[in-house]
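Subject: Structure handover

Hello,

Here is the structure I said I would pass on. Please open it first; my notes on what was found follow below it.

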Amino acid sequence: MNKRERLTRRPHLDQLTKAPFRKVAAVPTTAGLAARLALAALRARAVDPRPLLAQSGLTSAALSGGKRVAAAAQIDFLDLASEAAGDAWFGLSLAETFDLREMGMFYYVAASSHTLGDALRRVERYVCVTNEALVARIQVDSACRVSLSFAGIARHRDRHHLEFLFLVLLRMCRQFVGQRIMPTGASFIHHRSGDLREVERRLGCGVQFGAYSDEMRFDAAVVKLPLVGDDPFLNELMVKSCEEAKTTRTSKPQPFRTVVENAIAPLLPHAEARSKIVAKRLGLSERTFARRLQAEELSFVEILDQLRRDLAVRYIEEPEIQISQIAWLLGFHHPSGMTHACQRWFGKSPLAYRRSLGV
C-alpha cells in the first residue's frame, strides 16, 4: 500500500476517539490562514486536495471565501497535506515565505506597537481573534518566553500547525524590529524523530521535542527593541478594532475531557501520566479531580488509553520510529505493555499492524 492509499484509508482521528459519553461543546474556529496556504501549496504541487479536504471536514469554497473554519479541522488538514506533499516539515515550509500582512489586523496591531515587548503583549491578548483555540502567554524574567497552548481542542493531534505558528512568530519579530534576532531555544510537546537540523536551521536555535510545553525563548533584552513601524495613531485604531473583534470571539466552554488530554500529553514520554500528577497540573486536588471526572461520566483510565491509541496510530505509521521507542513515547514501562494494548486496540501486534499499513 503506497502513501496516497494510506491517506485515503486512514481513519479520521475523531473516529478513533469517539466514546458514547463524549459531550458536545462549542467548536473553536480560526480564520484559516494556514489551511488556505496549505491548499495553495497542494495545488502548486499538482496534488488533488479534495479528498484531504473532505477527510478533514473542510471545503475549498469555505477557504477560498475567507470563511472561518473549525480549528481542529485545520490541524487535521495540515497533517494530511504534509503526507500528500511529501514534506515532513510542511508547517515550516508554509510559514517561510507568505506575506505576513495576510494575517490582517492581528498583524497590524502588533506591528504598529512601540516596542517588541508591546507587540508581544498584543499577540498575547489578540491571538484569539485569529484562532479561538490558541492561548498565548508572554513571560519576561531572565529570558523572554513565548508559549502557546490549545483551549478546546486536543494538543496531541497537532505537529505542523504549531511549528507553523512559531516560525510565523519569529518572522514577525524579525520584521517588526528590522533585525535578524535569534531565539535562544524552542521546545515542542509533540515528538519528532530523525534529523532535526532542518527545524533548527529554520528557527535558528536548538529545538527540544517531547517537552513539557510549547515555547520559544529569547534574550530578555529583546522586549526593549523599538519597532520600525511604531505608529501610535494606527495602533490606537487597531487596538479598538481588535477589542471589538475580541468581544465576538468569546471564550467557549472547554470539554473537560480535552483539558485532561492536554494535561496528559506532555507527561507520556516521561512516564508521569498519573491521575495525581494530572490533577496537580490542572490546579485541582485529587478528590476534586475525581469528582469532575465522575460528574462528566469520564474515566481517567479510559481517557489515557484512548489518547495512547490515537498517538500509537500516528507513531506506527512512521517507519523510522522503532516499536520499542513508541512504547516509551506512550509511557509504557516495557514494550510488552504496548504489545498487549495494540492487541486490544487493533487485534494485532504493533509490528503486524505496521505491516498491515504497508509501512
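A place to begin is F300, which is buried, with a relative accessible area of 12%. Please keep in mind throughout that this is a predicted model. F289 is buried as well, at a relative accessible area of 1%. Both values fall under the 20% limit that counts as buried.

Now the overall picture. The protein chain has 19 helices and seven strands. Its radius of gyration is 21 Å, close to the 21 Å that the globule rule gives for 359 residues, so the chain is as compact as a globular protein of that length. The C-alpha trace spans about 65 × 55 × 35 Å along its principal axes. Of the 359 residues, 54% are buried. Taking contacts between residues at least 6 apart in sequence, 73% join residues that are at least 24 apart.

Next, the nonpolar cores. In soluble globular proteins, nonpolar side chains tend to be buried together. The largest nonpolar core here has 84 residues. Among the residues with the most contacts inside this core are F77, M103, L116 and L203. Helix 10 gives the most to the core, with twelve residues. A second, separate core has 34 residues, including L267, A312, F332 and W345.

L203 is worth a look on screen. Leaving out residues up to four places away in sequence, L203 touches F166, L167, L170, R174, P183, A186, F188 and M216. Two of these partners, A186 and M216, stand opposite each other, with M216 in strand 7.

Strand 7 covers residues 214-219, and five of its six residues are buried, so this strand is largely enclosed by the rest of the structure. Strand 4 (residues 143-150) runs antiparallel to strand 7 and is joined to it by six bridges. In that pairing, V146 stands opposite M216. Strand 5 (residues 185-188) also pairs with strand 7 in the antiparallel sense, over three bridges. M216 therefore has a residue opposite it in each pairing, V146 and A186, under the rule that two strands pair if there are at least two bridges between them.

On to the aromatic rings. With ring centres required to lie within 6.5 Å, the count comes to ten aromatic pairs. One of them is F98 with F164, a stacked pair at 6.0 Å centre to centre and 20 degrees between the planes. F98 lies in the loop between helix 7 (90-97) and helix 8 (105-111), while F164 lies in helix 10 (residues 160-177), so the pair ties together parts that are 66 residues apart in sequence. F98 and F164 are both buried.

F289 and F300, the two residues named at the start, also form an aromatic pair. This one is edge-to-face, at 6.1 Å centre to centre and 75 degrees between the planes. F289 sits in helix 15 (residues 286-295) and F300 in helix 16 (residues 300-316), eleven residues apart. In addition, W89, F166, F188 and F209 form one aromatic cluster.

Last, two rings have a charge over them. The charged end of R292 sits over the ring of F256, 4.0 Å from its centre. R308 has its charged end over the ring of F332, 4.2 Å from the centre. F332 is also one of the residues in the second core.

Regards

Key:
Residues are numbered from 1 along each chain as its sequence is written. This is a predicted model: local features need pLDDT of at least 70, side-chain atom pairs count only at pLDDT 80 or more; totals for chains, interfaces and linings use all residues. Side-chain values use heavy atoms; hydrogens and water are left out. Rings of Phe, Tyr and Trp (its six-membered ring) pair if their centres lie within 6.5 Å; planes under 30 degrees apart count as stacked, over 60 as edge-to-face and the rest as tilted. Helices (H or I, at least four residues) and strands (E, at least two) are DSSP runs, numbered from the N terminus. Buried means under 20% relative accessible area, exposed over 50%, partly exposed in between (1.4 Å probe, protein chains only). A charge sits over a ring if NZ of Lys or CZ of Arg is within 6 Å of the ring centre and within 35 degrees of the ring normal. A nonpolar core is a set of buried Ala, Val, Leu, Ile, Met, Phe, Trp, Tyr and Cys residues joined through side-chain atoms within 4.5 Å. Contact means heavy atoms within 4.5 Å. The radius of gyration is taken over C-alpha atoms; the globule rule is 2.2 Å times the number of residues to the power 0.38.
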